[in-house]
Amino acid sequence: MPVVVFPSSQLLWVRVAAVLFTCVAFSVAAHGAALPLGSMNDWCIFCWALSFACSCLVLLVEQCGLQARIPVSWSNFPITVACYACLLCLSATVIFPVFFLKDQQLYYEVRDYRIVSTVFSCLATVVYMWEVSLTKAKPGEVTGYMATAPGLMKVCQTFVACVIFILVSNPVSYNQHPALKWCMAVYCICFILSMAVVVLCVGECTGYLPIPFSKFLSAYGLLAVLMYLSATIVWPVFQFGKQYQYQSRGRESNNVITVAVLTALNFLFYLADLAYTARLVFVL
């Protein structure tokens with residue numbers, strides 16, 4: 001009987017660890033954590049389950065040598081999955097203990113289950129960070145765009161935008177002034193374009209653009225920086241300015257403050273992205 005031998009490597013064991021840790025995190029939470037119904041519970045389970053499923057797919061394709069049969073760019077797909085999974089698990093690692101452990105009166109068994117899920121979520125986050133560090137582009141290495149610093153920042157930009165969408169829609173906090181609707185337009189336009197870049201790279205469709213991909217990245221990067229700069233200024237001015245006669249309270253106030261911080265964070269991502277892209281296009 002023939003024996004199938006899988007080639008061993010550090011990256012292989014990192015991916016195996018990611019699969020195991022995410023599996024334990026959502027299995028334990030679903031089995032014995034006695035979680036109440038709610039969006040935060042669903043979000044954490046979704047983060048772990050999606051990361052587990054995508055990591056299993058990458059692991060199986062790699063070990064079975066099916067890269068050529070998958071209709072995506074394999075130089076871009078695995079690191080994109082790892083980066084998104086890292087951010088998803090990081091968000092679950094922060095959200096889960098805050099909502100389901102902090103200030104909770106729990107039976108010891110239920111509390112233990114929740115602690116185990118939190119620990120394994122943290123471990124999964126670390127492992128995904130390790131995978132990204134192993135697969136990202138090294139100096140002088142020819143690789144896919146998503147493995148470069150601008151590609152990884154595209155993932156961060158889209159993820160932060162998704163968090164902003166959740167915060168501004170629950171409750172709706174951008175209908176008080178047209179300027180706030182402009183901020184919402186900035187979030188939507190930049191998210192769509194960044195996600196389009198990710199999809200084009202992963203799907204190997206950059207050649208279908210009517211202009212060179214490098215010029216598209218430069219033009220879009222400059223536009224996004226200017227738009228996010230305006231949102232970084234406009235959002236806090238029209239949310240917190242006393243002259244606009246609107247004061248957020250309670251949870252809505254916390255959401256508005258968080259959106260202001262995330263807007264500034266995404267502006268920095270876009271600014272760094274533009275700087276890296278300019279270097280790749282005009283220096284190299």
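**Exercise 1. Find the stretch of this predicted model in which pLDDT stays under 50, and state how many contacts beyond four places in sequence the model has for that stretch.**

Solution. Start at the N terminus of the predicted model: over residues 1-5 pLDDT stays under 50, and for these residues the model has zero contacts beyond four places in sequence. Where pLDDT is low, the predicted coordinates should not be read in detail. Next, set this stretch against the chain, which averages a pLDDT of 86, with 88% of the residues scoring at least 70. Finally, turn to the elements, among which helix H6 (residues 178-202) has the highest mean pLDDT, 94, while helix H8 (residues 250-282) has the lowest, 84.

**Exercise 2. Describe the fold of the protein chain by its helices and strands, and then by the sequence separation of its contacts.**

Solution. First count the elements: the protein chain has eight helices and zero strands, so that reading from the N terminus gives the order α-α-α-α-α-α-α-α. Then consider the contacts with a separation of 6 or more, of which 78% are accounted for by residues 24 or more positions apart. As a last step, look at burial and surface: of the 284 residues in the chain, 44% are buried, and the chain exposes about 15,100 Å², with carbon and sulfur atoms supplying 71% of that area.

**Exercise 3. Characterise the largest pocket by its volume, by the residues nearest its centre and by the classes of its lining residues.**

Solution. Begin with the space in the largest pocket, which comes to about 820 Å³. The lining consists of 24 residues, and those that lie nearest the centre of the pocket are Ser91, Ile95, Val163, Leu167 and Thr258. Helix H2 (39-64), helix H3 (77-100), helix H5 (149-169) and H8 are the elements that give two or more residues to this lining. Sorting the lining by class then gives 17 nonpolar residues, six polar residues and one charged residue.

**Exercise 4. Locate the cavity of 30 Å³ or more that a search of the whole structure finds, and work out which helices supply at least two residues of the lining of the largest cavity.**

Solution. The search of the whole structure returns one cavity of 30 Å³ or more, and the volume of the largest cavity is about 40 Å³. Its lining is made up of Arg15, Ala18, Ser55, Val58, Val81, Ala82, Tyr128 and Glu131. Assigning these residues to elements shows that helix H1 (10-32), H2, H3 and helix H4 (108-135) each supply at least two of them. By class, the lining of the largest cavity divides into five nonpolar residues, one polar residue and two charged residues.

**Exercise 5. Decide whether Phe267 is buried or exposed, and do likewise for Glu204.**

Solution. Take Phe267, which has its place in helix H8. Phe267 counts as buried because its relative accessible area is 15%, and the cut-off for burial is under 20%. Leaving out residues up to four places away in sequence, Phe267 touches Val225, Tyr228, Leu229 and Thr232. Of this group, Tyr228 is 39 residues from Phe267 in sequence, yet the C-alpha atoms of the two are 5.3 Å apart in space.

Now take Glu204, which is found in the loop between H6 and helix H7 (213-240). Glu204 counts as exposed because its relative accessibility is 56%, where the cut-off for exposure is over 50%. The backbone of Glu204 deserves a further step, since phi is near 55 degrees, a positive value in a residue other than glycine.

Key:
Residues are numbered from 1 along each chain as its sequence is written. This is a predicted model: local features need pLDDT of at least 70, side-chain atom pairs count only at pLDDT 80 or more; totals for chains, interfaces and linings use all residues. Side-chain values use heavy atoms; hydrogens and water are left out. pLDDT is the predictor's confidence in each residue, from 0 to 100. Helices (H or I, at least four residues) and strands (E, at least two) are DSSP runs, numbered from the N terminus. Contact means heavy atoms within 4.5 Å. On a 1 Å grid over the protein atoms alone, a cavity is a set of points where a 1.4 Å probe fits but cannot get out, and a pocket is an open set with protein on both sides within 12 Å along at least five of seven lines; lining residues have an atom within 4 Å of a point. Grid points are joined across faces, edges and corners, and a volume is the space filled by probe spheres set on the points. Ala, Val, Leu, Ile, Met, Phe, Trp, Tyr, Cys and Pro count as nonpolar, Asp, Glu, Lys and Arg as charged, and the others, Gly among them, as polar. Buried means under 20% relative accessible area, exposed over 50%, partly exposed in between (1.4 Å probe, protein chains only). Accessible areas come from the Shrake-Rupley method with a 1.4 Å probe; for residues, only the protein chains shown count as cover.
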